[in-house]
Amino acid sequence: MARLFSVDDGLPHRQVNCIIQDRQGFIWVATDAGVARFDGLRFKIFNKADNGLSSDQIRWIVEDVVGNLWLIGSIFGDYFRAASVDILNPVSGEIIPLEEYTKAKPPVSLENMNLIGVRSTSVGNSASKPGT
């Protein structure tokens with residue numbers, strides 16, 4: 001049986017941009033007023049004012065290999081629009097801006113990653129074009 005949820009039920013905004021279910025079974029909803037976690041009974045809201053998100057306009061949510069949620073949003077200015085990225089630990093509720101998160105050691109070793117279009121070559125040449 002499907003159920004329709006609205007702002008009256010606890011969603012922070014009527015504009016829903018993305019919905020995912022994390023590995024713990026929680027439903028996460030990206031809206032124009034932050035992110036909502038649904039536990040099957042109620043919504044818990046994460047937003048800029050109360051939790052320190054970089055933006056309330058969250059467009060996408062992606063779960064990484066260690067279970068963190070990457071919240072990709074939009075920041076609007078008078079003459080610009082930029083992307084914001086925050087990392088949310090769904091267990092602790094801690095929100096870490098991307099700039100701070102990338103200063104720490106990544107959860108996955110980057111040493112042996114095969115980057116598209118870049119490969120190691122002999123000493124003196126650090127990269128080559130794909131197919132060469």
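Tutor: Before we start, a strand here is a DSSP run of at least two residues, numbered from the N terminus. Also, keep in mind that this is a predicted model.

Student: Okay! Where is the place of Gly10 in the chain?

Tutor: Look along the chain for strand E1, which covers 16-21. Gly10 belongs to the segment before strand E1.

Student: Is Gly10 buried, partly exposed or exposed?

Tutor: Buried means under 20% relative accessible area, and exposed means over 50%. Gly10 has 27% relative accessibility, so Gly10 counts as partly exposed.

Student: Leaving aside neighbours within four places in sequence, which residues is Gly10 in contact with?

Tutor: Contact means heavy atoms within 4.5 Å. One partner to check is Ile45, which sits 35 residues from Gly10 along the chain, with a C-alpha separation of 8.3 Å. With the neighbours within four places set aside, the contacts of Gly10 are Phe43 and Ile45.

Student: How many bridges join strand E3 to strand E4?

Tutor: Strand E3 takes in residues 34-38, and strand E4 takes in residues 43-46. They run antiparallel, and Phe38 has Phe43 in E4 as its bridge partner. The number of bridges joining E3 to E4 is four.

Student: And which residue takes a positive phi in the hairpin of E3 and E4?

Tutor: That hairpin has four residues between the strands. The residue with a positive phi, near 105°, is Gly40.

Student: Zooming out, what pattern does the protein follow along the sequence?

Tutor: The protein has two helices and eight strands. Read along the sequence, they give the pattern β-β-β-β-α-β-β-β-β-α.

Key. Residues are numbered from 1 along each chain as its sequence is written. This is a predicted model: local features need pLDDT of at least 70, side-chain atom pairs count only at pLDDT 80 or more; totals for chains, interfaces and linings use all residues. Side-chain values use heavy atoms; hydrogens and water are left out. Two strands pair if DSSP finds at least two bridges between them. Buried means under 20% relative accessible area, exposed over 50%, partly exposed in between (1.4 Å probe, protein chains only).
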